[in-house]
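I open this notebook to keep a record of what I looked up in one structure. The entries go from strands to cores, then to the pocket and the backbone.

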Amino acid sequence: MRYLHTMVRVSDLDQSLDFYCNKLGLVEVDRWDNEGGRFTLVFLAAPADAEKAREHKAPLVELTYNWDPEAYSGGRNFGHLAYRVENIYDLCQRLMDAGVTINRPPRDGHMAFVRSPDGISIELLQEGDSLPPAEPWASMDNTGSW
């Protein structure tokens, strides 16, 4: 398992970049604009981690800016922790066997979400290429929110 990033939703991208980059000192290492989803993702790293973050896509802070205004309350602005895993099916099975709810099953062999006991959303991402779809995951419905 390898730590990837922490995602935080922001309401004003320019103001947030001013804080995180100009004031706090993080550096922008990647940016994705998604026209269809109407959002921008900006990935930031500490200066000492910037080269490693560019190469390995970790460790990062992900700023998510939704183009349509949204009021964030109750922790909605904090998104999730993300970890890359060797085998997403094996880990999800181990978690489920331990009593953890798989909120978003890895139907695509690539991504799943679970929640910590405190309700923190945790994204699990398959290392390398997605695994072929497999049961019971391929037909499993989402449970709760993720």
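What follows is a set of short entries on a predicted model.

**Entry 1: strand E1 and its partners**

I began with strand E1, which covers residues 2-10, and I asked how many of its nine residues are buried. The count came to seven, and E1 is therefore mostly covered, with buried meaning under 20% relative accessible area. I then looked up its pairing and found that E1 runs antiparallel to E5, to which five bridges join it. On that side His5 stands opposite Ala82 of E5. With E4 the pairing of E1 is parallel and extends over six bridges, and here I noted Arg9 opposite Thr64.

**Entry 2: Thr64**

I stayed with Thr64, which belongs to strand E4, and asked whether it is buried or exposed. Thr64 counts as buried because its relative accessibility is 5%, which is under the 20% cut-off. When residues up to four places away in sequence are set aside, Thr64 touches Met7, Val8, Arg9 and Val10, and also Thr40 and Leu41.

**Entry 3: the nonpolar cores**

I wrote down a general point before turning to the cores: in soluble globular proteins, nonpolar side chains tend to be buried together. In this model the largest nonpolar core has eleven residues, among them Val85, Ile88, Tyr89, Ile102, Val114, Leu124 and Trp137. Helix H3 (88-97), strand E7 (111-115) and strand E8 (121-126) are the elements that each give two or more residues to this core. I asked which element gives the largest share, and the answer is H3, with four residues.

I followed one member of that core, Ile102, and listed its contacts beyond four places in sequence: Cys92, Leu95, Met96, Phe113, Val114, Trp137 and Thr143. There is also a second, separate core of ten residues, which includes Val10, Cys21, Leu26 and Val42.

**Entry 4: the largest pocket**

I next looked for open space, and the largest pocket holds about 530 Å³. It is lined by 26 residues, of which His5, Glu62, His80, Phe113 and Glu123 are the closest to its centre. I recognised His5 from the first entry as the residue opposite Ala82, and Phe113 from the third as a contact of Ile102. Which strands each supply at least two residues of the lining? I found E1, E2 (27-34), E4 (60-66), E5 (78-85), E7 and E8. Sorted by class, the lining has eleven nonpolar, seven polar and eight charged residues.

**Entry 5: backbone exceptions**

I kept in mind that most residues other than glycine have a negative phi, and most peptide bonds are trans. Against that background I noted a cis peptide bond between Ala58 and Pro59, with omega of about -5°. Pro59 sits in the loop between helix H2 (50-56) and E4. A cis bond also leads from Glu135 to Pro136, with omega near 10°, and Pro136 lies in the segment after E8.

For phi, I noted Arg38, which is not a glycine and yet has a positive value of about 60°. Arg38 is placed in the loop between E2 and strand E3 (39-45), and it counts as partly exposed because its relative accessibility is 37%. Lys57, also not a glycine, has a positive phi of about 60° and is found in the loop between H2 and E4. With a relative accessible area of 45%, Lys57 is partly exposed.

Terms used:
Residues numbered from 1 in each chain as written. Predicted model: local features only at pLDDT ≥ 70, side-chain atom pairs only at ≥ 80, totals over all residues. Heavy atoms only, no water. Core = buried A, V, L, I, M, F, W, Y, C linked by side-chain atoms within 4.5 Å. Buried < 20%, exposed > 50% of the residue type's maximum accessible area, 1.4 Å probe, protein only. Contact = heavy atoms within 4.5 Å. 1 Å grid on protein atoms, 1.4 Å probe; cavity = no way out; pocket = protein on both sides within 12 Å on 5 of 7 lines; lining within 4 Å. Points joined across faces, edges and corners; volume = space filled by probe spheres on them. Nonpolar A, V, L, I, M, F, W, Y, C, P; charged D, E, K, R; others polar. Pairing = 2+ DSSP bridges.
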